[in-house]
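Subject: Structure for your files

Dear colleague,

Here is the structure I said I would pass on. Please look it over before reading my notes underneath.

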Amino acid sequence: MVHNAYDSFQLVKGCPTKIESVGLWGCRVLVGCMDGSLRIYAPKSLSITVNNSSSSRPNSSDGGNGIIEAETYVLERTLIGFCKKAVICMDVLQSRNLLLSLSDAITLHRLPRLELVVYIGKTKGSSCYAWDDKRGFLCVNKQKKLLIYRYDGSREFVEVKDLSVPDVVKSMAWCGESLCLGIRREYVIMNTVSGAFFEVFPCGRIAPPLVVSLPSGELLLGKDNIGVFVDQNGKLLQEGRICWSEAPASVAIQFPYAIAQLPRHTEIRSLRDPYPLVQTFPLRILPPIILTYENVGSRRVLLLSILLEGLQNILSPQKRDNTIVSKHHPPSL
């Protein structure tokens, strides 16, 4: 049955350069731009408080009080030259107070002052990454290679593996100590210790592969407009399939909902069989990125979508748990 699970409002508008990626740090919004700059937006009320204090920089390790409100957000700080090229992907590692980003290569900055921790030159030309926060493992795709690193907790990423794959990886996610890879024609599960891999099933013919982690540790794999459930070993599950109205460009899981960005709108479906349609939003997003976030203290769930002229915020009024983020950025042509 269709009902309103989320409310929508404009969060940021009038950004002077094209937005490529978004990260959430407490109540602040970090915006990665095409020109390599990083822009930090904060609630107007918080910005006034900061400007009246002795420092213009955030002085809290969690980016403020951690509550995203439906109010005006203003530009608090701009870092020109934050990266050499467009900031195409980023994640705020909340428990470590770090910002992980991908531009011309993988970089790691420490919050709140955004000091550079490490720049991994070997990852130049990478198209996507997957982060395992529990183990501190990072997998980076570079052409037909997977570079696997372990963060040592100080200032270094230690290289663990350099593995070859049969084709360029379009989407990937950790599943235990293995990786599920969506390559050009098929999904595969790769053992990161031995480098051995096996095919799960072929990809769709229309949409690129899409690998999405579920709170249970299982996976949702896209096959055109169908989402197929598999376990960590790639075995098909009996829970049925999600049927979107069109092939999604990206999917976020916010239990008990699955949120998909389709060509003409954002579609929200229940994760309970038979996966009925819950709600739609007429949001057409370029580039196709969906980001979900839950603040532990406030229990308020956020879904941010990049629009041509700013950010559209979709805020759930209900308590939710187990937010999982899935982000995919296609390689440059």
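The notes below cover a buried strand, an aspartate in a loop, the cysteines and one open sheet.

Please keep in mind that this is a predicted model.

Strand 7 and its partners

I began with strand 7, which spans residues 98-102. Five of its five residues are buried, so the strand is largely enclosed by the rest of the structure. The burial applies to both faces: L98, L100 and L102 lie on one side, L99 and S101 lie on the other, and all are buried. That arrangement fits the usual pattern, in which side chains of a regular strand alternate between the two faces of the sheet.

Strand 7 pairs with strand 6 (residues 89-93) in antiparallel fashion, through five bridges. Within this pair, L93 is opposite L98 of strand 7. The hairpin formed by strand 6 and strand 7 has four residues between the strands, and N97 there adopts a positive phi near 55°.

Strand 7 also pairs with strand 8 (residues 106-110), again antiparallel and with five bridges. Here S101 is opposite T107 of strand 8. The hairpin that links strand 7 to strand 8 does so through three residues.

D224

Which residues does D224 touch, apart from its neighbours within four places in sequence? The contacts are G204, R205, I206, A207, A247 and P248. D224 itself sits in the loop between strand 19 (219-223) and strand 20 (226-230). Its relative accessibility is 18%, and because the cut-off for buried is under 20%, D224 counts as buried.

Two of the contacted residues offer backbone nitrogens to the D224 side chain. A polar atom of that side chain is 3.1 Å from the backbone nitrogen of R205, and the side chain comes to 2.7 Å from the backbone nitrogen of I206. As for A249, the C-alpha atoms of D224 and A249 are 9.5 Å apart, with 25 residues separating the two in sequence.

Cysteines

How many disulfides does a search of the whole structure find? The result is zero. For C15, the closest cysteine sulfur belongs to C33 at 4.2 Å, which is too far for a bond because a disulfide requires sulfur atoms within 2.5 Å. C15 counts as buried, at 14% relative accessibility. C203 is likewise in no disulfide, and its nearest cysteine sulfur, in C180, is 9.2 Å away. With a relative accessibility of 8%, C203 also counts as buried.

The four-strand sheet

Finally, there is an open sheet of four strands in the order 14-15-16-17, with antiparallel pairing. Strand 14 (171-175) and strand 17 (197-202) are at its edges. Each of these has a single partner strand, so one side of each is left without a neighbour in the sheet. From one strand to the next, the twist averages 20°.

At the strand 14 edge, five bridges connect strand 14 to strand 15 (residues 178-182), and the two run antiparallel. One of the bridge pairs is C175 with S178, the latter in strand 15.

Regards

Note on methods: Residues are numbered from 1 along each chain as its sequence is written. This is a predicted model: local features need pLDDT of at least 70, side-chain atom pairs count only at pLDDT 80 or more; totals for chains, interfaces and linings use all residues. Side-chain values use heavy atoms; hydrogens and water are left out. Buried means under 20% relative accessible area, exposed over 50%, partly exposed in between (1.4 Å probe, protein chains only). Two strands pair if DSSP finds at least two bridges between them. Contact means heavy atoms within 4.5 Å. A polar contact is a pair of N or O atoms within 3.5 Å; within protein, one must be able to donate a hydrogen and the other to accept it, and residues adjacent in sequence count only if both atoms are side-chain atoms. Axes are lines fitted to C-alpha atoms, for helices over the stretch in contact, and angles run from 0 to 180 degrees between N-to-C directions.
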